[in-house]
Amino acid sequence: MDLDKLTWLLEGLLERTPGTRHGLVLSRDGLKLCHTSGLTRDSADHLSAIAAGLQSLSQSASIEFGNGGGGVRQAMTEFYGGLLFIVEAGAGAHLAVLTSEQADPGLVGHNMNELVEQMGEYLTTPPRQATGAS
Amino acid sequence: MHSTTSEPEPNGVALPPTASRALKIAVVGGFGVGKTTLVRSVSEIRPLDTEETMTRAGGGVDDLAGVEDKRSTTVAFDFGRITLDATSVLYLFGAPGQERFWFLWDRLFTGSLGAVVLVDTRRIEHSWYAIDRLEQQGTPFVVAHNDFGVEHDLEDVRAALDLDAGVPLIRCDARERASAKQVLITLVQHVQALVAASAPTQRSAT
């Protein structure tokens, strides 16, 4: 996986989406893969754990209360001072974006999904222990 | 790890209408000691599942020594429920074990009656943090040695953990419903004993 290329694509997402502050790609077990330059390493670690937890809880909500079709389209949290968006991004990874309160949620979500399509092939974090021979 | 529990999930046991006492219990301990397994084996409802496949990103971070077969890990929390009697219901909240999720623990402890600390003697140091944190917070707890087929003298375990003599320490098999239930009963009894010891005048007045 080319993490430099991913980081560059993340920075591009921030540039073309008003109100966005930080972008982060994380593994679904809560570890950062890459992030934009404005996030410190400690903040990126913390956000990775938070985003993994939120996505997992959202998944549980979809299983319990969804239509059975499965899957989480997007998790979004609105708090005083900002918004947090998380979408699935390839097998085993999530994309998280932090924005100001002024950001347009529709545009942020659209651009995130566009980015995921664009770089889906890079955004995979394979299981640590493959089942069967590897 | 559904297959490792001793019984099929008794899905959807209804809460008795008389249930009036909700007691919250936190299950903590290091990475891979069996917290999720314990909540699953004892819960009478389908447990909330926030296990995720462990990815290669965790290669240098999550230490699998002693638990090489582990493939998934809790990233938010486990949640289960068990009815004790006509009025009392235990709500179980299992914490994630890795350091990156420790910030969640204080929220899980809030309002808890007490906590269960699970210990794996192959990786005993993974449980020190949980014990320290609970002692600091003054949350009552018991320690359960999840034996993974290796029996140790409980006094040796107590010494290795530097555990206060007043803290109950028992052996358990987190996969066994009866064994997991015994751990919870030990905790409830321990909390009752602490309450009885700290407020003798109030009790005699009632």
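## The hairpin, sheet and core of a predicted two-chain model

In chain A, the hairpin formed by β3(A) and β4(A) has two residues between its strands, and G81(A) there takes a positive phi near 105°. Residues are numbered from 1 along each chain as its sequence is written, and chains are lettered from A, with ligands numbered from 1, in the order in which they are written. The model is predicted, and local features need pLDDT of at least 70, side-chain atom pairs count only at pLDDT 80 or more, while totals for chains, interfaces and linings use all residues.

Helices (H or I, at least four residues) and strands (E, at least two) are DSSP runs numbered from the N terminus, and two strands pair if DSSP finds at least two bridges between them. An open sheet of five strands in chain A follows the order β2-β1-β5-β4-β3, with antiparallel pairing. Because β2 (32-35) and β3 of chain A each have a single partner strand, they stand at the edges, and one side of each is left without a neighbour in the sheet. From one strand to the next the twist averages 15°, where axes are lines fitted to C-alpha atoms, for helices over the stretch in contact, and angles run from 0 to 180 degrees between N-to-C directions.

Two of the antiparallel pairings are set out here.

| Strands | Bridges | Opposite residues |
|---|---|---|
| β1(A) (residues 20-27) and β2(A) | three | V25(A) and C34(A) |
| β3(A) (residues 75-79) and β4(A) (residues 82-88) | five | A75(A) and I86(A) |

Helix α1 (residues 3-16) of chain A packs on this sheet, touching β1 and β2 of chain A, and its direction makes about 150° with that of β1(A). Helix α3 (residues 105-119) of chain A also packs on the sheet, where it touches β1, β3, β4 and β5 (93-99) of chain A, its direction making about 30° with that of β4(A).

Between the chains, 19 residues of chain A are in contact with 18 residues of chain B, contact meaning that C-beta atoms, placed from the backbone, lie within 7 Å. On the side of chain A that touches chain B, α2(A) gives the most, with seven residues.

A nonpolar core is a set of buried Ala, Val, Leu, Ile, Met, Phe, Trp, Tyr and Cys residues joined through C-beta atoms within 7 Å, and a residue is buried if 20 or more other C-beta atoms lie within 10 Å of its own. The largest such core has 75 residues, and V25(A), V27(B), V116(B) and V117(B) are those with the most contacts inside it. Helix α2 (residues 41-65) of chain A supplies the largest share of this core, seven residues.

Note on methods. A residue is buried if 20 or more other C-beta atoms lie within 10 Å of its own, exposed if 12 or fewer, and partly exposed in between; C-beta atoms are placed from the backbone. Two residues are in contact if their C-beta atoms, placed from the backbone, lie within 7 Å.
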